[in-house]
Amino acid sequence: MNIHYWLKKAIKVLSHFDNPRYEAEILLSHVLKRTRISIIIDDTITLSKEQYKKLNNFVYRRSLGEPIAYIIGKKEFWSLSLCVSYTTLIPRPDTEILVEKILSKTNKSLKYILDLGTGSGAIALALASICSNWDVTGVDNSNAALKIAKMNALKFNLKNVKFFYSDWFSHINKKFHIIVSNPPYIGIKEIKLLKKDLFYEPFNALISKKDGLLDIELIIKKSSQYLLDKGWLLIEHGWKQKLKVQYLFKKNNFFYIESFKDYGGNDRITLGQKKQ
């Protein structure tokens, strides 16, 4: 089948999504191992029977709500094409703000960085790719997720990052200039409000007790023990949690506390500095 006709058919099946053409083109480019631009330019390409069968399976899975990142097994973050699986959260563009804020707070001499709950390794790998002088550590309590993170580190040949098991700080025995985390912050009561595609992602990486604040509170409370003097803690949180998160920072003796919005204009990041 000609891809022009396949696209027409796929767009119809995916018409209940916001951008069905874009999604169909992403699936097509993945199966054909060609760039999306090349597919747009040349729609005379013919699909083999195997490609046709695979694409139809992908479209069916997507029509049920499965995220494209899980279907094709990858997601771009900070210009890195990361491997992802059902054991890891899908990296979001808004999380790149954490990386941007770290860049504004550090330099080559502040080299020790810890990424708590690293998942696919997105934040840790982005930071390691920026400066080879930084010593980046990523930890997670999921061995399956750590396997993906290590695979990504090998993929990009990044030597200045390491990953190992730790349930938050349980296996940490040194101090850092920067601690960063995108922890679970969705409350149990909010489950019914979640978008359908979020149900494909690991719930232990999404849901937290105490209205989504249990893990955030634990991280803020314990971070002082693992931060060097004047070190920074940066946390991603829910859009309604800014004031409560700021309060937790203040309660635990952090200074220069600031919050920042995501690309959609929602409060998403809060940071603070440990007192000297």
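**Salt bridges and helix packing in a predicted model**

Okay, let's start with a count: there are ten salt bridges in this structure. Bear in mind that what we're looking at is a predicted model. I'll go through a few of those pairs, then the helices around them, and finish with some odd backbone angles.

So, the general idea first. Oppositely charged side chains can pair up when their charged atoms come close.

The pair I'd like to open with is arginine 36 and glutamate 25, whose side chains form a salt bridge with an N to O distance of 2.8 Å. Arginine 36 sits in helix 3, residues 36-41, and glutamate 25 sits in helix 2, so this pair ties together parts that are eleven residues apart in sequence. Is glutamate 25 buried or exposed? It's buried, at 5% relative accessible area. Arginine 36, on the other hand, is partly exposed, at 29%. And there's a third member to bring in: Arg21 joins Glu25 and Arg36 in a network of salt bridges.

Keep Arg21 and Glu25 in mind, please, as they come back in the helix packing. Two packed helices are described by the angle between their axes and the distance between those axes. For helix 1, residues 3-13, and helix 2, residues 20-32, the axes come within 9 Å and cross at roughly 135°. That makes helix 1 oblique to helix 2. The crossing is right-handed.

Who's touching whom there? On the helix 1 side we have Ile3, Trp6, Leu7, Ala10 and Ile11, and they meet Pro20, Arg21, Ala24, Glu25, Leu28 and Leu32 of helix 2. Sorted by class, that contact has nine nonpolar residues, no polar ones and two charged ones. If you're looking at the picture, Arg21 and Glu25 are among the helix 2 residues in this contact, and both also belong to the salt-bridge network with Arg36.

Now stay on helix 2, and look at its packing with helix 4, residues 49-63. Here the angle is about 145° and the axes are 10 Å apart. This crossing is right-handed too. From helix 2 we get Glu23, Leu27, Leu28, His30, Val31 and Leu32, meeting Gln51, Lys54, Leu55, Phe58, Val59 and Arg62 from helix 4. That contact divides into seven nonpolar, two polar and three charged residues. Leu28 and Leu32 appear in this list, and they appear in the helix 1 contact as well.

Let me zoom in on one residue from that set. Valine 31 lies in helix 2, and at 9% relative accessible area it's buried. Leaving out residues up to four places away in sequence, what does valine 31 touch? The answer is Gln51, Lys54, Leu55 and Phe58. For a backbone distance, the C-alpha atoms of valine 31 and glutamate 50 are 9.9 Å apart, with their positions 19 residues apart along the chain.

Right, back to salt bridges for two more. Lysine 105 pairs with glutamate 258, with 3.4 Å between the closest N and O atoms. This one links distant parts of the chain: lysine 105 is in helix 6, residues 96-105, glutamate 258 is in strand 8, residues 254-261, and they're 153 residues apart. Lysine 105 counts as partly exposed, at 23% relative accessibility, and glutamate 258 is partly exposed as well, at 35%.

The other one is aspartate 262 with arginine 268, where the closest N and O atoms are 3.0 Å apart. Both of these residues, aspartate 262 and arginine 268, are buried.

Strand 8 also takes us to the backbone angles. Most residues other than glycine have a negative phi. Tyrosine 256, in strand 8, has a positive phi of about 50° although it isn't a glycine. Tyrosine 256 is exposed, with 61% relative accessible area. Then there's asparagine 253, where phi is near 65°, again a positive value in a non-glycine residue. Where is asparagine 253? You'll find it in the loop between helix 11, residues 242-251, and strand 8. It's exposed as well, at 55% relative accessibility.

Last stop, another asparagine. Asparagine 152 is in helix 8, residues 143-155, and at 0% relative accessibility it counts as buried. Setting aside neighbours within four places in sequence, asparagine 152 contacts Leu82, Cys83, Ser120 and Leu125.

That's my tour, thanks, everyone.

How values were computed: Residues numbered from 1 in each chain as written. Predicted model: local features only at pLDDT ≥ 70, side-chain atom pairs only at ≥ 80, totals over all residues. Heavy atoms only, no water. Axes fitted to C-alpha atoms, helices over the stretch in contact; angles between N-to-C directions. Helix = DSSP H or I, 4+ residues; strand = E, 2+ residues; numbered from the N terminus. Parallel < 35°, antiparallel > 145°, perpendicular 65-115°, else oblique. Left-handed = near helix turned anticlockwise from the far one by under 90°. Contact = heavy atoms within 4.5 Å. Nonpolar A, V, L, I, M, F, W, Y, C, P; charged D, E, K, R; others polar. Salt bridge = Lys/Arg side-chain N within 4 Å of Asp/Glu carboxyl O. Buried < 20%, exposed > 50% of the residue type's maximum accessible area, 1.4 Å probe, protein only.
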